[in-house]
Amino acid sequence: LYTWPADADPELRAGISFCFDKKGMYYDGMIATDLEDLLNSEIITEAQCQQARKYIDLIVKNKISKYNSQPLSSERLKKENQKRILVVDQSYGDMSLICGGVTDSVFERMISDAVKENPNAEILFKIHPDTLARNTESGFQKLIPEQVRIIDWPINPITMLEAVDEVYVATSQLGFEALMCNKKVHVYGLPFYAGWGLTDDKVPCPRRKRKLSIEELFYIVYLKYVHYFDPVHNQEGSIEDAIEYILQCRKKLLGQ
């Protein structure tokens with residue numbers, strides 16, 4: 001779930017979170033995975049919700065994301081009074097798009113809706129970090145109208161989310177991080193976090209049968225479904241170990 005530059009020290013690229021699913025990949029919206037079964041059935045107590053809220057706040061406060069090598073601040077994207085809408089790019093041909101039922105026409109509709117539904121807002125389109133790392137153009141960039149501002153520089157995802165009001169996504173995990181940041185999220189595919197009453201869903205999923213709070217969703221995904229590995233001690237770890245390890249690695253890489 002956490003990535004670093006390909007040329008970074010191997011220590012900074014160690015995998016620390018893993019999922020094991022007997023039915024399929026967690027991002028496959030076409031089938032009922034073990035994760036979806038858990039989200040449909042697991043009962044979360046108030047104490048567990050409070051525990052989830054503690055970790056959500058800790059992750060957001062420390063700006064921990066899927067991409068932790070990005071700069072934590074950006075003078076080019078300071079929060080302004082004008083409403084801001086973020087449209088999220090994804091890697092062209094990514095399996096989460098294919099398994100989420102997303103085609104080029106979906107991205108075209110998503111960008112068009114963001115512009116039409118927010119006539120007085122600044123519309124931002126964030127180029128995917130992997131696309132920036134390859135120094136190539138987004139496969140969806142040809143769909144972007146001239147009035148949309150393109151974010152084509154590295155920026156920490158949480159920093160970026162804090163500077164916007166609403167988010168439009170296909171299947172990107174950034175949509176889940178936006179929910180953690182208490183943003184309104186419009187979803188055009190079938191990622192794991194859609195269909196539970198937290199997002200504005202453009203694609204119905206009748207298999208997903210109940211509404212969840214962000215704390216319930218987080219607890220089931222991050223504390224019931226995901227397994228953590230402690231690369232320092234070469235043993236199974238906890239979410240606390242993962243958070244601490246990420247912060248240590250980021251300090252080594254960015255000095256922050």
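How many bridges join strand β5 (residues 166-169) to β6, and in which sense do the two run, parallel or antiparallel? In this predicted model, 4 bridges join β5 to β6, and the two strands run parallel. This pairing belongs to an open sheet, which is described below together with one helix and the aromatic contacts.

**Overall content**

The chain contains 9 helices and 9 strands. Of its 256 residues, 51% count as buried. Among contacts between residues at least 6 apart in sequence, 66% join residues at least 24 apart.

**The sheet**

Strands of a sheet pair through backbone hydrogen bonds, either parallel or antiparallel. Here, an open sheet of 6 strands follows the order β4-β3-β2-β5-β6-β7, with parallel pairing. Its edge strands are β4 and β7, each of which pairs on one side only.

Four of the pairings can be set out by their bridges and by residues that stand opposite each other.

| Strand pair | Bridges | Residues opposite each other |
|---|---|---|
| β3 and β4 (residues 149-151) | 3 bridges | Phe125 and Ile150 |
| β2 (residues 84-88) and β3 | 5 bridges | Ile85 and Ile123 |
| β2 and β5 | 3 bridges | Ile85 and Glu166 |
| β5 and β6 | 4 bridges | Glu166 and Lys184; Val169 and Val187 |

Ile85 thus appears in two of these pairings: Ile85 stands opposite Ile123 in β3, and the bridge partner of Ile85 in β5 is Glu166. Glu166 in turn stands opposite Lys184 in β6.

Strand β3 (residues 122-126) is mostly covered, with 5 of its 5 residues buried. Glu122, Leu124 and Lys126 point one way from β3, whereas Ile123 and Phe125 point the other way. Strand β5 has a comparable description: Glu166 and Tyr168 point one way, Val167 and Val169 the other, and all are buried. The buried residues of these two strands include charged residue types by name, namely Glu122 and Lys126 in β3 and Glu166 in β5.

**Helix α2**

Helix α2 (residues 46-61) has 16 residues and reaches 22 Å from its first C-alpha to its last, close to the 22 Å expected at 1.5 Å a residue. Within α2, Cys49, Ala52, Tyr55, Ile56, Ile59 and Val60 are buried. These residues cover an arc of only 130° around the axis, which puts them on the same side of α2. On the other side of the helix, Glu46, Ala47, Gln50 and Lys61 are exposed. The buried residues of α2 pack against four helices: α6 (157-162), α7 (174-180), α8 and α9 (239-254). After α2 comes Lys63, whose phi is positive, near 55°.

**Aromatic contacts**

A pair of aromatic rings is described by the distance of the centres and the angle of the planes. A search of the whole structure finds 8 aromatic pairs. One of them joins Tyr26 and Phe192: the ring centres are 6.0 Å apart and the planes stand at 70°, so the pair is edge-to-face. This pair links distant parts of the chain, 166 residues apart. Tyr26 lies in the loop between β1 (17-19) and α1 (34-41), and Phe192 in the loop between β6 (184-187) and β7 (200-201). Phe192 is buried, with a relative accessible area of 8%.

A second pair, Phe218 and Tyr222, is stacked, at 4.3 Å centre to centre and with 15° between the planes. Both residues lie in helix α8 (residues 214-225), 4 residues apart, about one turn of the helix. Phe218 has 0% relative accessibility and therefore counts as buried; Tyr222, at 5%, is likewise buried.

The residues of both pairs belong to one aromatic cluster, formed by Tyr26, Tyr27, Phe176, Phe192, Tyr193, Phe218 and Tyr222. Helix α8, which carries Phe218 and Tyr222, is also one of the helices against which the buried residues of α2 pack.

A further contact involves a charge and a ring: Arg76 lies over the face of Trp153, at 3.9 Å from the ring centre.

Methods:
Residues numbered from 1 in each chain as written. Predicted model: local features only at pLDDT ≥ 70, side-chain atom pairs only at ≥ 80, totals over all residues. Heavy atoms only, no water. Phe/Tyr/Trp six-rings, centres within 6.5 Å; stacked < 30°, edge-to-face > 60°. Buried < 20%, exposed > 50% of the residue type's maximum accessible area, 1.4 Å probe, protein only. Lys NZ or Arg CZ within 6 Å of the ring centre and 35° of its normal. Expected span 1.5 Å × (residues − 1). Arc of directions from axis to C-beta. Contact = heavy atoms within 4.5 Å. Pairing = 2+ DSSP bridges.
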